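Subject: the structure I promised

Hi,

Here is the structure I said I'd send over. Have a look at it first, and then read my notes underneath.

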Amino acid sequence: MTEERAGGAPRRVTVVEVGPRDGLQNEPARVPTAVKVAFVEALAAAGLPTVETTSFVNPAAVPQLADADAVVRAVRRRPGVRYPALVPNPRGLERALAAGVPAIALFTAATEAFAQANVRGSIEETFARFGPVVARARAEGLWVRGYVSVAFGCPYEGAVAPAAVLGVARRLLDLGCAEVALADTIGAATPEAVDALLDVALAHLPVDRLALHFHDTRGRAIANVAAGLARGITVFDGAAGGLGGCPFAPGAPGNLATEELVAFLDRQGIETGVDRAAVIDAVAGLRAGMAGAGTG
Ligand code: MG
């Protein structure tokens, strides 16, 4: 069966690789720093134009990424590839700048309950933290991405109104984010929900500054990507190997696997510049490195 390319779909899509951060932060195993560095380098070599490298969150909260400084310093950067690191607050930004990060990502949520549980503050408080972070980052010439978690459903509040997502996304763009990713943190999205959210979002925000971040928890991630493509979205996130699982649905898949996303886009005749086989090899290298360290 062939999949028809939707009428409005773009000819070229940017795949943002989030596995080394969003994937590894949710893996129970500790991964040696050198294995993480090799993974990031292999993903960039596979043609991924953005590789989210790590996170400068409190190491006590996310011990899996406690070596963020060492990873950033060790990665040999390829020209033309963007390497953001997640930064939660001014202290994280100081660590990130000291390590020499070239780009950062910020994280807030579409619901108050998720913000309280995951970033330990109200949505308003996250923006109070972000103001000085973005100002400093931009003064340093860094590229800034924002994330809106639980944009399609919240484990605490249930359904999320598109207007709430729009409000948070707009504030992130107004603050100085170059791009905002609308994230389906619990895999609740459906193609209909993608359409409903984009109806609202695209009436107010530029399509080229929005990205979609899907989880395959219920097996709908690719159908949701197709819905986004049909609306002209050109940036989609993936995590190589589908790393990370879903903390809200134990045993279920988490992040959409980059190699599945690329395979789908290849079948649609949409260019990504990504070598799917090389992504699969990067995951195999990671798994071998984890096993070799006795952590796999
Ligand atoms: Mg994710």
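Below is what I found, going from the open spaces to the strands, a helix and a few single residues. Keep in mind that this is a predicted model.

**The pocket**

The largest pocket holds about 900 Å³ of space. Its lining is made up of 35 residues, and the ones nearest the centre are Gln25, Val57, Val62, Asn118 and Val119. If you want to find the walls by element, look at α1 (19-23), α4 (90-99), α5 (112-118), α6 (123-139) and β6 (143-149), each of which gives at least two residues to the lining. As for chemistry, the lining of this pocket splits into 16 nonpolar, 13 polar and 6 charged residues.

**The cavity**

How many cavities of 30 Å³ or more are there? The count is 1. The largest cavity has a volume of about 40 Å³, and it is lined by Thr53, Val72, Val75, Arg77, Tyr83 and Pro102. By class, that lining has 4 nonpolar residues, 1 polar and 1 charged.

**β7, β8 and Glu179**

Glu179 is worth a click. It sits in strand β7, which covers residues 179-183. Is Glu179 buried or exposed? Its relative accessibility is 10%, so it counts as buried, the cut-off being under 20%. The side chain of Glu179 makes a polar contact of 2.8 Å with the side chain of Arg145. Beyond its neighbours within four places in sequence, Glu179 also touches other parts of the chain: its contacts include Val16, Trp143, Leu173, Arg209, Ala211 and Val235.

Strand β7 runs parallel to β8, and 4 bridges join the two. One place to see the pairing is Val180, whose bridge partner in β8 is Leu210. Strand β8 itself spans residues 210-213, with Leu210 and Leu212 pointing one way and Ala211 and His213 the other. All four of these β8 residues are buried, whichever way they point.

**β4 and β5**

There is another parallel pair in β4 and β5, joined by 3 bridges. Here Leu86 stands opposite Ala105 in β5. Strand β5 (residues 103-109) is mostly covered, with 6 of its 7 residues buried.

Just ahead of β4, have a look at the loop that follows α3: Pro79 is found there, between α3 (68-74) and β4 (84-86). Pro79 has a relative accessibility of 80% and therefore counts as exposed. The C-alpha atom of Pro79 lies 9.7 Å from that of Pro49, and the two residues are 30 apart along the chain.

**Helix α10**

Helix α10 (residues 258-267) is mostly covered too: 7 of its 10 residues are buried. Which ones are they? The buried residues of α10 are Thr258, Glu259, Leu261, Val262, Ala263, Phe264 and Leu265. Their cover includes β1 (14-17), α9 (221-230), β9 (235-238) and α11 (276-292). Just after the helix, Gly269 takes a positive phi of about 75°.

**Backbone angles to check**

Two residues that are not glycines also have a positive phi, so here they are side by side:

- Arg120 has a phi of about 55°. It is in the loop between α5 and α6, and at 62% relative accessibility it counts as exposed.
- Val150 has a phi of about 45°. It is in the loop between β6 and α7 (162-175), and at 0% relative accessibility it counts as buried.

**One last residue**

Gly167 is in helix α7. With 31% relative accessibility, Gly167 counts as partly exposed. The C-alpha atoms of Gly167 and Val51 are separated by 27 Å, with their positions 116 residues apart along the chain.

If you only have time for one view, I'd start with Glu179 and its polar contact to Arg145, and then go on to the pocket around Gln25, Val57, Val62, Asn118 and Val119.

Cheers

Terms used:
Residues numbered from 1 in each chain as written. Predicted model: local features only at pLDDT ≥ 70, side-chain atom pairs only at ≥ 80, totals over all residues. Heavy atoms only, no water. Buried < 20%, exposed > 50% of the residue type's maximum accessible area, 1.4 Å probe, protein only. Polar contact = N/O pair within 3.5 Å; in protein donor to acceptor, adjacent residues only side chain to side chain. Contact = heavy atoms within 4.5 Å. 1 Å grid on protein atoms, 1.4 Å probe; cavity = no way out; pocket = protein on both sides within 12 Å on 5 of 7 lines; lining within 4 Å. Points joined across faces, edges and corners; volume = space filled by probe spheres on them. Nonpolar A, V, L, I, M, F, W, Y, C, P; charged D, E, K, R; others polar. Pairing = 2+ DSSP bridges.
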